[in-house]
Amino acid sequence: MKIAICIKHVPVSEDVEIDPVTHSVRRIDATCDMNPCDLNAMEMAAQLKKATDSSIDVYTMGPDGAAASLKKCLALGADEAYLLSDRSFAGRDTLGTARVLADFVKRKSYDIVFTGAESSDGATGQVGAMLAELLGMPDVADAVSVEPDGDGALLIGKKVQQGTLKIKASGPVLLAVPFGCNEPKLPTLRAQMKANHKEIHVLTGKDCDPSVLENLEVKSVVTDVYPAPEANKQAKEITGTPKEIAVKIQKLLEGSEQDV
């Protein structure tokens with residue numbers, strides 16, 4: 001089984017600044033690391049690799065510094081890493097990002113493609129579904145588990161309001177993995193040191209299909225960014241006998257909390 005995982009290198013510092021003109025995150029001076037739910041996706045991919053005769057290729061689109069997240073994936077069990085880096089790729093929206101990723105991912109016949117459900121910086125949750133559409137494969141959002149189910153099929157757990165929905169699917173398929181669905185392992189020092197010496201395959205605009213480069217016009221633009229209003233919430237302790245507490249809760253639900 002051939003597995004691909006697409007990850008993102010995102011700012012993690014709390015003092016991230018927003019450019020007042022472009023309304024985008026200023027990444028130059030920001031401390032960056034691997035997107036949190038991509039770690040959950042990497043953990044799921046690594047577990048599937050152990051359960052099957054599989055290999056994992058990891059992709060990311062970003063500047064040279066994004067290689068650090070690729071090396072983390074190599075230390076966690078990925079076999080090959082690809083950095084898609086070019087000025088023509090910079091500043092693209094979710095569709096442009098998906099188009100570049102799809103152009104390189106489709107060159108290998110993967111049975112399963114993993115992404116995180118969303119990034120911690122943009123939080124659109126769009127790239128996974130767009131990537132699946134461009135690759136011509138079905139996708140399962142909020143995939144919390146996956147295991148082989150015989151004859152090349154996969155048994156996928158999808159998070160729903162009532163619990164977990166079990167889906168049986170044959171590859172190729174894309175899984176968008178939500179944050180917190182598993183406990184990502186940390187790479188050992190030896191594994192990370194070994195990964196730091198592995199080759200990162202750098203792919204640029206020259207390696208990209210010209211038709212893709214011609215269709216990277218930004219379709220969605222952030223027009224404004226403003227701080228969220230301060231929360232004005234207070235906690236109240238409800239005391240009394242069980243019957244008195246029940247009456248007070250009823251009054252709260254009816255909107256007559258001044259009587260509580």
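**View 1. Seven strands make up an open sheet with parallel pairing.** In this predicted model, the strand order runs S7-S11-S6-S1-S4-S5-S12. Look to S7 (139-140) and S12 (200-203) for the edge strands, each of which pairs on one side only.

**View 2. Here is the edge where S7 meets S11 (residues 173-177).** Two bridges join this pair, and the sense is parallel. If you want a residue to zoom in on, try Val 140, which sits opposite Leu 175 in S11.

**View 3. Helices H1 and H4 pack on the sheet.** H1 (residues 36-51) touches S1 (2-7), S4 (55-61), S6 (112-116) and S11. Its direction makes about 155 degrees with that of S6. H4 (residues 127-135) touches S1, S6, S7 and S11, and the direction of H4 also makes about 155 degrees with that of S6.

**View 4. This one is a close-up of H1 and its buried residues.** A quick sanity check on the geometry: with 16 residues at 1.5 Å a residue, H1 should span 22 Å, and its end C-alpha atoms are 24 Å apart, which agrees. Buried residues in H1 include Cys 37, Asp 38 and Asn 40, and further along Ala 41, Met 42, Met 44, Ala 45, Ala 46 and Leu 48 are buried too.

**View 5. Glu 43 takes its place in helix H1.** Is Glu 43 buried or exposed? It counts as buried, because its relative accessibility is 7%, and the cut-off for buried is under 20%. Leaving aside residues up to four places away in sequence, Glu 43 touches Asn 182, Glu 183, Pro 184 and Lys 185.

Conventions: Residues are numbered from 1 along each chain as its sequence is written. This is a predicted model: local features need pLDDT of at least 70, side-chain atom pairs count only at pLDDT 80 or more; totals for chains, interfaces and linings use all residues. Side-chain values use heavy atoms; hydrogens and water are left out. Two strands pair if DSSP finds at least two bridges between them. Helices (H or I, at least four residues) and strands (E, at least two) are DSSP runs, numbered from the N terminus. Contact means heavy atoms within 4.5 Å. Axes are lines fitted to C-alpha atoms, for helices over the stretch in contact, and angles run from 0 to 180 degrees between N-to-C directions. The expected span of a helix is 1.5 Å times one less than its number of residues. Buried means under 20% relative accessible area, exposed over 50%, partly exposed in between (1.4 Å probe, protein chains only).
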